[in-house]
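Q: I'm new to this one, so could you walk me through it once it's up on the screen?

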Amino acid sequence: MLEQWTIQNWLQLGGLLTTLFGFLLVLIQIRRLGQSVRASAHAAIYAQASDFRSHLVKHPELRRYLFDGIEIRENHPDYQRVVTLAELLLNYLEHLSIEKSNFANHDGNAWRTFIKQALDACPVAKERLAENSVAYSPHLLAAID
């Protein structure tokens with residue numbers, strides 16, 4: 001049977017094998033690209049968290065308004081700073097909710113729990129979210145429902 005193969009048959013087989021090999025390489029590259037995207041998402045989220053926490057290092061007295069459920073009054077001298085930090089927190093939580101698909105399922109569930117706990121511990125962020133819900137991603141709003 002192999003004696004009957006012509007050059008054309010061998011070329012077709014070579015082309016088929018080359019195509020299959022190329023397809024395999026593309027699949028490997030797509031897998032690596034997915035890993036790279038997830039790594040970038042993680043890095044961006046941790047950078048955003050670090051930036052948020054750096055403000056708390058400079059102003060540790062404000063931590064209680066963001067993590068301990070203490071409300072701040074509008075006439076408090078640090079009110080505007082706390083509101084700004086609450087908005088940074090909301091941006092961070094929104095980023096988490098949007099990037100949830102880039103995490104393993106158990107990590108996504110942990111982030112959803114974290115988002116709920118963070119909002120429960122920060123009355124000013126919860127209030128800002130309620131007042132400006134159209135300014136935030138539906139992913140964030142869905143994470144707290």
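What follows is a short talk about aromatic rings and a cavity in this predicted model.

Q: Okay, how many aromatic pairs does the count come to?
A: The count comes to two aromatic pairs. One of them joins Phe52 and Phe67, whose ring centres are 6.1 Å apart with the planes at 65°; since an angle over 60 degrees counts as edge-to-face, that is how this pair is classed.

Q: And where do Phe52 and Phe67 lie?
A: Phe52 belongs to helix H1, which covers residues 7–58, while Phe67 belongs to helix H2, covering residues 63–67, so the pair ties together parts that are 15 residues apart in sequence.

Q: Are those two buried or exposed? Start with Phe52.
A: Phe52 is buried, since its relative accessible area is 3%, whereas Phe67 is partly exposed, with a value of 23%.

Q: What about the pair of Tyr92 and Phe114, how are the rings set?
A: The ring centres of Tyr92 and Phe114 lie 6.3 Å apart and the planes meet at 80°, so this pair is edge-to-face. Tyr92 sits in helix H3 (residues 79–99) and Phe114 in helix H4 (residues 105–121), so the contact ties together parts that are 22 residues apart in sequence.

Q: Is Tyr92 buried or exposed?
A: Tyr92 is buried, at a relative accessible area of 7%, and its partner Phe114 is partly exposed, at 24%.

Q: Going back to Phe67, what sits over its ring?
A: That would be the charged end of Arg63, which is placed over the ring of Phe67 at 4.6 Å from the ring centre.

Q: Changing topic, how many cavities of 30 Å³ or more does the structure hold?
A: The structure holds one cavity of 30 Å³ or more, and the volume of the largest cavity is about 40 Å³.

Q: Which residues line the largest cavity?
A: The lining is made of Ala49, Phe52, Arg53, Phe67, Leu89, Tyr92 and Phe114, so the four residues of the two ring pairs that we discussed, Phe52 with Phe67 and Tyr92 with Phe114, appear again in this list.

Q: Which helix gives the most to that lining?
A: Helix H1 gives the most, with three residues, and H1 and H3 each supply at least two residues of the lining.

Q: And what's the lining like by class?
A: By class, the lining of the largest cavity has six nonpolar residues, one charged residue and no polar ones. Because Arg counts as charged, the charged residue in the lining is Arg53.

Methods: Residues are numbered from 1 along each chain as its sequence is written. This is a predicted model: local features need pLDDT of at least 70, side-chain atom pairs count only at pLDDT 80 or more; totals for chains, interfaces and linings use all residues. Side-chain values use heavy atoms; hydrogens and water are left out. Rings of Phe, Tyr and Trp (its six-membered ring) pair if their centres lie within 6.5 Å; planes under 30 degrees apart count as stacked, over 60 as edge-to-face and the rest as tilted. Helices (H or I, at least four residues) and strands (E, at least two) are DSSP runs, numbered from the N terminus. Buried means under 20% relative accessible area, exposed over 50%, partly exposed in between (1.4 Å probe, protein chains only). A charge sits over a ring if NZ of Lys or CZ of Arg is within 6 Å of the ring centre and within 35 degrees of the ring normal. On a 1 Å grid over the protein atoms alone, a cavity is a set of points where a 1.4 Å probe fits but cannot get out, and a pocket is an open set with protein on both sides within 12 Å along at least five of seven lines; lining residues have an atom within 4 Å of a point. Grid points are joined across faces, edges and corners, and a volume is the space filled by probe spheres set on the points.
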